[in-house]
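Work through the exercises below with the sequence and the coordinates at hand. Each task is followed by a solution in steps.

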Amino acid sequence: MRQAFVLVLFFLLAPAVHAGGMPAFEGLIEPREIVNFGSQVPGILEKVYVERGDRVSTGQVLARLKSGVEAAALRSAEAKVDFGQRKSQRNEELTKKKLISVHEKDEIETELQLARLQVSEAREQLELRVIRSTVDGVVVKRTGAPGGYVGEEPFLTVARIDPLNVELVIPVQFIGAIKEGMTAKILPDEPVGGEYEARVVIVDKVVDAASGTFGVRLELPNPKLALPAGLKCRALF
């Protein structure tokens, strides 16, 4: 009787084993990347174009800083280029007729080249006051507002959730059984549920001695962003 009770208890506590011979491993679905956006230059926010929950794409403008001084500097540099080009054209005939020296011609060309460099520098300074997304993702946090001061401290956070990462912690006895390139069925917890396929992209080469486990990461496609990050799941190999 005691032996029968122990046997029943063993099967109740043992993890469910898939047909492939491995149990269903517990895991967590996480964003592929989390990017915090601040500003390379300190300044005052003029406008923030996104709100929490908005989808954004790479290169999209997320926010702008006030940039009146920088815009004026660009216009000034562009005016110098226009003047330099007109001056160069006016002196072209004089150069052909050898009415101006080589030195004077060189000075005119150098002034025009320096003016063009000033335009490039002014454009770069103006672009520094535009914050653009570096990933396709979803805005998960926004703390900045127009009129607020910003610097290197993040005021926007964007999560890339296509693809998603599935992080597993595997008992050491399965080391060597799970390899990069293998696929697994991912079963998110309710209320999301469903069944999805993911591919192993990382298998840790170092075992955690304290817990006797190693980490495995799978890549889970999420093109329609139907799956939220932060869910617990099970993985069946």
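**Exercise 1. Salt bridges**

Task: State how many salt bridges the model holds, then place the pairs Glu 78 with Arg 123, Arg 132 with Glu 127, and Arg 199 with Glu 219.

Solution. The count comes to ten salt bridges, in a model that is predicted.

Step 1. Glu 78 and Arg 123 meet through their side chains, with 3.5 Å from N to O. The cut-off is 4 Å, so a distance of 3.5 Å qualifies. Glu 78 belongs to helix α2 (residues 68-96) and Arg 123 to helix α3 (residues 102-127), so the bridge ties together parts 45 residues apart in sequence. Glu 78 has a relative accessible area of 29% and is partly exposed; Arg 123, at 48%, is also partly exposed.

Step 2. In the salt bridge of Arg 132 with Glu 127, the closest N and O atoms are 2.7 Å apart. Arg 132 is partly exposed at 34% relative accessible area, and Glu 127 counts as partly exposed at 34%.

Step 3. Between the side chains of Arg 199 and Glu 219 the N to O distance is 3.6 Å. This pair links distant parts of the chain, with Arg 199 in strand β10 and Glu 219 in strand β11, 20 residues apart. The relative accessibility of Arg 199 is 38%, so Arg 199 counts as partly exposed. Glu 219 is partly exposed, at 22%. With Arg 32, these two residues are linked in a network of salt bridges.

**Exercise 2. Aromatic pairs**

Task: Classify the ring pairs in which Phe 25 takes part, and say which parts of the chain they link.

Solution. The structure holds two aromatic pairs.

Step 1. The ring centres of Phe 25 and Phe 174 lie 5.2 Å apart with the planes at 80°, so this pair is edge-to-face. Phe 25 sits in strand β1 (residues 25-37) and Phe 174 in the loop between β8 (156-171) and β9 (183-188), a separation of 149 residues.

Step 2. For Phe 25 and Phe 237 the centres are 6.1 Å apart and the planes at 65°; this pair is therefore edge-to-face. Phe 237 is in the segment after β12 (232-236), 212 residues from Phe 25.

Step 3. Phe 25, Phe 174 and Phe 237 form one aromatic cluster. Both Phe 25 and Phe 174 are buried, Phe 25 with a relative accessible area of 5%. Phe 237 is buried at 11%.

Step 4. Pro 23 lies in the loop between α1 (2-13) and β1 and is buried, at 8%. Its C-alpha atom is separated by 7.0 Å from that of Leu 236, although the two residues are 213 apart along the chain.

**Exercise 3. Nonpolar cores**

Task: Describe the largest nonpolar core and name the elements that build it.

Solution.

Step 1. The largest core has 26 residues, and Ile 186, Val 216, Leu 218 and Phe 237 have the most contacts inside it.

Step 2. Two or more residues come from each of β1, β8, β9, β10 (196-203), β11 (213-220) and β12. β8 gives the most, with six.

Step 3. Beyond its neighbours within four places in sequence, Ile 186 is in contact with residues including Ile 29, Val 166, Leu 218 and Cys 233.

Step 4. Another core, apart from this one, has 17 residues, among them Leu 45, Leu 62, Leu 65 and Val 150.

Key: Residues numbered from 1 in each chain as written. Predicted model: local features only at pLDDT ≥ 70, side-chain atom pairs only at ≥ 80, totals over all residues. Heavy atoms only, no water. Phe/Tyr/Trp six-rings, centres within 6.5 Å; stacked < 30°, edge-to-face > 60°. Helix = DSSP H or I, 4+ residues; strand = E, 2+ residues; numbered from the N terminus. Buried < 20%, exposed > 50% of the residue type's maximum accessible area, 1.4 Å probe, protein only. Core = buried A, V, L, I, M, F, W, Y, C linked by side-chain atoms within 4.5 Å. Contact = heavy atoms within 4.5 Å.
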